[in-house]
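Work through the exercises below with the model open beside you. Try each task before you read its solution.

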Amino acid sequence: MTSRDFTADAKPGSFRPSAGIGVLELRSKLLDFTRAYFRAKGLWEVETPLLSRDIVVDAYLEPFTTRSDSGSECRPPSPESELFLQTSPEFGMKRLLASGASSIFQITRAFRRGEIGRLHNPEFTILEWYHVGASYHDEMEFVEDLVCAFFEAANGLIAVGSPAEGRARRLLPRPFPRSSYDALFQGLLGTGVLDKTSSELSELAHTAGIEPPPGLAVDDVDGWLNLLLALKAEPEMTQQPAVFLYDYPASQAALARIRPGRPPVAERFELYLSGVEICNGYQELTDPRELRRRIALQQALRQREGSRPLPTESRLLAAMEAGLPECSGVALGFDRLLMTAVGASSLADVIAFPFDCA
């Protein structure tokens with residue numbers, strides 16, 4: 001690690017990277033560190049397609065598309081020729097698990113249209129892994145160990161006296177606090193939220209001084225929950241170096257298992273570092289019938305929002321029907337983890353060429 005600047009001098013229209021050469025060198029070494037860390041923990045690295053006819057059907061994730069043939073005047077492109085850039089490697093990795101793979105990891109690119117800003121780039125580096133036979137609580141322990149080791153490695157690689165030294169994070173205090181979704185709001189609002197109606201959530205937002213955005217429907221329970229999370233809970237979490245939030249609303253399970261109860265909850269967690277969401281972990285859904293039900297629900301939500309329909313049949317469904325083993329999984333934003341480890345304020349500070357200068 002040299003003492004070269006971590007801050008690039010790239011100007012609009014410049015060929016230069018937005019991140020300094022020093023941080024890009026550090027990035028390379030931390031990618032090596034991450035791969036070695038996972039191998040030492042007994043996981044093996046896999047590769048799955050970036051282009052596929054299969055895609056996660058999510059009401060709020062929009063994939064990039066391309067075609068395997070361009071057609072002609074006489075023969076236009078067929079629907080079967082449409083391919084999707086993957087929003088995560090989840091489908092491919094679960095197909096491997098259903099085929100007998102043991103615990104596995106992958107560092108790859110993921111693509112999501114319309115996600116751009118300080119903490120978003122349409123093309124980003126994702127670290128995803130699955131532990132066969134583990135619980136999502138086990139996974140929180142694994143994530144905490146990984147993140148602390150990553151911060152230690154980053155601090156050890158940053159040269160003394162370099163411009164980055166003063167901005168780099170010190171070691172994170174352990175253990176990381178953990179809070180269930182409902183308990184967090186119990187502490188902030190004096191009441192849990194998972195059993196509330198949309199009108200009750202609206203009243204809680206009003207009492208907390210939160211102004212709803214135009215277009216938020218009165219009956220949109222998840223919309224009100226997300227509003228309270230973004231404007232009431234996440235600002236509080238910026239005051240904590242690290243915190244796990246777990247047991248999310250059952251309506252926000254994605255591909256996580258739902259635990260019955262009053263109320264039922266999604267066995268899912270997220271890690272926040274100083275208020276920045278770093279990863280999403282699940283006790284993985286293994287029931288193909290439930291997956292079909294959720295796909296249909298997400299498709300209906302997409303159509304309600306005016307988004308294009310996505311394919312509802314996939315090789316993941318076939319894999320789950322054959323038998324997906326009990327497992328937990330995590331998707332972690334590598335760019336965000338690096339950003340927090342070096343004390344940067346934007347993803348553009350830790351990637352070479354973000355979307356606006358790619």
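The exercises go from the whole protein down to single residues, and the model is a predicted one.

**Exercise 1. The whole protein**

Find how many helices and strands the protein has, and what share of its residues count as buried.

Solution.
- Step 1: Count the secondary structure. There are nine helices and twelve strands.
- Step 2: Turn to burial. The protein has 358 residues, and 49% of them count as buried.
- Step 3: Look at the surface. The accessible surface is about 16,800 Å², and carbon and sulfur atoms hold 52% of that area.
- Step 4: Check the range of the contacts. Take those between residues at least 6 apart in sequence; 69% of them join residues at least 24 apart.

**Exercise 2. The largest nonpolar core**

Identify the residues that touch the most other members of the largest nonpolar core, and the helix that gives the most to this core.

Solution.
- Step 1: Start with the members. The core holds 50 residues. Those touching the most other members are Phe38, Trp129, Val143, Val147, Phe269, Leu271 and Leu273.
- Step 2: Find the main contributor. Helix H3, residues 136–157, gives the most, with twelve residues.
- Step 3: Look elsewhere. A second, separate core has 24 residues, among them Leu194, Leu204, Leu216 and Met237.
- Step 4: Return to Val143. Set aside its neighbours within four places in sequence. Val143 then contacts Trp129, Phe244, Phe269, Leu271, Cys279 and Val330.

**Exercise 3. Helix H6**

Describe the span of helix H6, locate its kink and list what its buried residues pack against.

Solution.
- Step 1: Take the span. H6 covers residues 221–237, 17 in number. From first C-alpha to last, H6 reaches 22 Å, close to the expected 24 Å.
- Step 2: Locate the kink. H6 bends by about 35 degrees, centred on Leu229.
- Step 3: List the buried residues. They are Gly223, Trp224, Leu225, Leu227, Leu228, Leu229, Ala233 and Met237.
- Step 4: Find their partners. These buried residues pack against helices H4 (181–189) and H5 (198–207), and against strands E8 (243–249) and E10 (265–273).

**Exercise 4. Ser88**

Is Ser88 buried or exposed, and which residues does Ser88 touch?

Solution.
- Step 1: Place the residue. Ser88 sits in the loop between strand E4 (82–85) and helix H2 (90–98).
- Step 2: Apply the cut-off. Ser88 is buried because its relative accessible area is 8%, and buried means under 20%.
- Step 3: List the contacts. Not counting residues up to four places away in sequence, Ser88 touches Ala110, Arg112, Ile126 and Glu128.
- Step 4: Check the polar side-chain atom. A polar atom of the Ser88 side chain lies 3.1 Å from the backbone nitrogen of Glu90.

Technical notes:
Residues numbered from 1 in each chain as written. Predicted model: local features only at pLDDT ≥ 70, side-chain atom pairs only at ≥ 80, totals over all residues. Heavy atoms only, no water. Core = buried A, V, L, I, M, F, W, Y, C linked by side-chain atoms within 4.5 Å. Buried < 20%, exposed > 50% of the residue type's maximum accessible area, 1.4 Å probe, protein only. Helix = DSSP H or I, 4+ residues; strand = E, 2+ residues; numbered from the N terminus. Contact = heavy atoms within 4.5 Å. Polar contact = N/O pair within 3.5 Å; in protein donor to acceptor, adjacent residues only side chain to side chain. Expected span 1.5 Å × (residues − 1). Bend = angle between axes of the 7 residues up to and from the residue. Areas by Shrake-Rupley, 256 points an atom, 1.4 Å probe, with all protein chains shown as cover.
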